[in-house]
Amino acid sequence: MRTPLATQGTRVPFARRIGAATPPGRDRGADALRALAVCGVVCGHWLVTALVSEGGGLHGASPLTYLPGLVPASWLFQTLAVFFLVGGWAAHRGWVAARERGVGYRAWLRARLLRLARPVAALLCVWTLATGLLLACGTDAGTVRTVLKLVVSPLWFLLVYAALTAATPLVASLHPLWPFAVVLHVDLLRLTPGGPQWLGWVNLGAGWLVPFCLGAAWSRGMPRERRAGWALLLGGSAATGLLVVAGGYPAAMVGVPGAALSNLNPPTLAAVTFGLAQCGGALLLHGPLRRWCARPRVWAAVALVNLSAMTVFLWHQSALLAVALAGLRAGAPLPGLHTAPDGFDWVLARLLWLPVFAAVLSACWAVFHRYERGRRPGGPSRVVAACSPAGSATVGRV
């Protein structure tokens, strides 16, 4: 069926076509939170990932090692908890909608996992070929290891996300305090002198299950959303500050090379309380973002990011690596790209490189976004259909 905009016989602006293709019941505020979370992760990685050129090769470094004053930036750009919050919200809504349509668990899960597997397969195929080419060209083995580590490091997130998605029917009604208690007891055991360090990897599932369960509770209809948001924001912030000041946890919410303890690898209690604070902030922003997304141009941008969120997430480090490897041909280390991140001049130079990274990421998106969206049976992809004059497709799915 054609939308009213499509039957007018006139050229409809792009943003209005996106809006006309969006179901009336779509929660645009939740989509905006997901888009902000993805953009936060991308910008954070681009700002804290340094590749230092030494002896003709590249090795990884972080400005947080040299410039502890930049630690607050990790509080702004480490947005994984918000992604898991919205992921739990979307998974629960999707599972409920599937049951109402009579769709079984296997079919529902297969559809969701295929949307993850296709873009991952494309990434791995490309980098398998690229690795062979780099080695054939005589690239230093240490450089190749550094490159591959950055390429595959985002995949741990997808493995956890896929596992929690598969467990949605089991954990959808689980109270977030249960996995939170697991994280608390794991840290009490492993961080005591002589404690089993391997136990920390239990937190890889339990830690991210906390915001995932919170998202499922939000989907079920969280009463007094703003009150819950303020409680999570203030309580999570206070708990995180106490753990950092008195509990010995690092202040950086991302991994710092050489640090005795990382808040992310695996997640610590401080990372979880910080994530709860972020989730509280997200709940408070939900209403204003939903109203802001009523503007056609804002919603068009949010919708396009959501339709390509996995492509952007998977390929953003590849964009940085492509620029860094190409820059080696300059013959001398380029400031902010190949130099040690040991001063604020590096930070300023890195900021100038961000538009270049974004341009290369856009090129990656143009080539690989099709693997995320798939194809509509007998028709174009979802974005093409949504932006066509007919405008009959819906933007995104739960």
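**Notebook: a first look at the predicted model**

I began at G280, which I found in helix 13. Before going further I noted that this is a predicted model, and I kept that in mind for each entry below.

**Entry on G280.** I looked up the accessibility of G280 and found a relative accessible area of 0%, so the residue counts as buried. I then asked which residues G280 is in contact with, leaving aside its neighbours within four places in sequence. The residues I found were G229, L232 and L233. I also looked up the distance from G280 to L234, and the C-alpha atoms of these two residues, 46 residues apart along the chain, are separated by 8.1 Å.

**Entry on the loop before helix 13.** Next I turned to G258, whose place is in the loop between helix 12 (225-246) and helix 13 (269-292). Is G258 buried or exposed? With a relative accessible area of 85%, G258 is exposed, whereas G280 in helix 13 is buried. From G258 I looked across to F180, and I found the two to be 78 residues apart in sequence and 28 Å apart in space, C-alpha to C-alpha. The loop between helix 12 and helix 13 also holds P266, and here I checked the peptide bond from N265 to P266, which is cis, with omega near 5 degrees. I made a note of this bond because most peptide bonds are trans.

**Entry on A35.** I went on to helix 2 (residues 28-48), where A35 is found. The relative accessibility of A35 is 8%, and since buried means under 20%, A35 counts as buried. Apart from its neighbours within four places in sequence, A35 is in contact with V302, V305 and N306. For a longer view I looked up L199, which is 164 residues from A35 in sequence and 33 Å from A35 in space, C-alpha to C-alpha.

**Entry on the nonpolar core.** I then looked up the largest nonpolar core and found that it has 101 residues, with L158 and L314 as those with the most contacts inside it. Helix 15 (residues 309-327) gives the largest share of this core, 11 residues. I followed L314 outward, leaving aside its neighbours within four places in sequence, and listed P119, V120, L123, L155 and L158 as the residues in contact with L314. I set beside this the general tendency of nonpolar side chains to be buried together in soluble globular proteins.

**Entry on the whole protein.** Last, I stepped back to the whole chain, where the secondary structure comes to 17 helices and two strands. The radius of gyration is 22 Å, close to the 21 Å that the globule rule gives for 398 residues, so the protein is as compact as a globular protein of that length. Along its principal axes I found the C-alpha trace to span about 65 × 50 × 35 Å. Of the 398 residues, 51% count as buried, and among the contacts with a separation of 6 or more, 76% are accounted for by residues 24 or more positions apart. The protein exposes about 18,900 Å², of which carbon and sulfur atoms supply 67%. I closed with the charges, and found that the mean positions of the 34 positive and 10 negative charges are 16 Å apart.

Technical notes:
Residues are numbered from 1 along each chain as its sequence is written. This is a predicted model: local features need pLDDT of at least 70, side-chain atom pairs count only at pLDDT 80 or more; totals for chains, interfaces and linings use all residues. Side-chain values use heavy atoms; hydrogens and water are left out. Helices (H or I, at least four residues) and strands (E, at least two) are DSSP runs, numbered from the N terminus. The radius of gyration is taken over C-alpha atoms; the globule rule is 2.2 Å times the number of residues to the power 0.38. Buried means under 20% relative accessible area, exposed over 50%, partly exposed in between (1.4 Å probe, protein chains only). Contact means heavy atoms within 4.5 Å. Accessible areas come from the Shrake-Rupley method with a 1.4 Å probe; for residues, only the protein chains shown count as cover. Lys and Arg count as positive and Asp and Glu as negative; His and the chain ends are not counted. The place of a charge is taken as NZ of Lys, CZ of Arg, CG of Asp or CD of Glu. A nonpolar core is a set of buried Ala, Val, Leu, Ile, Met, Phe, Trp, Tyr and Cys residues joined through side-chain atoms within 4.5 Å.
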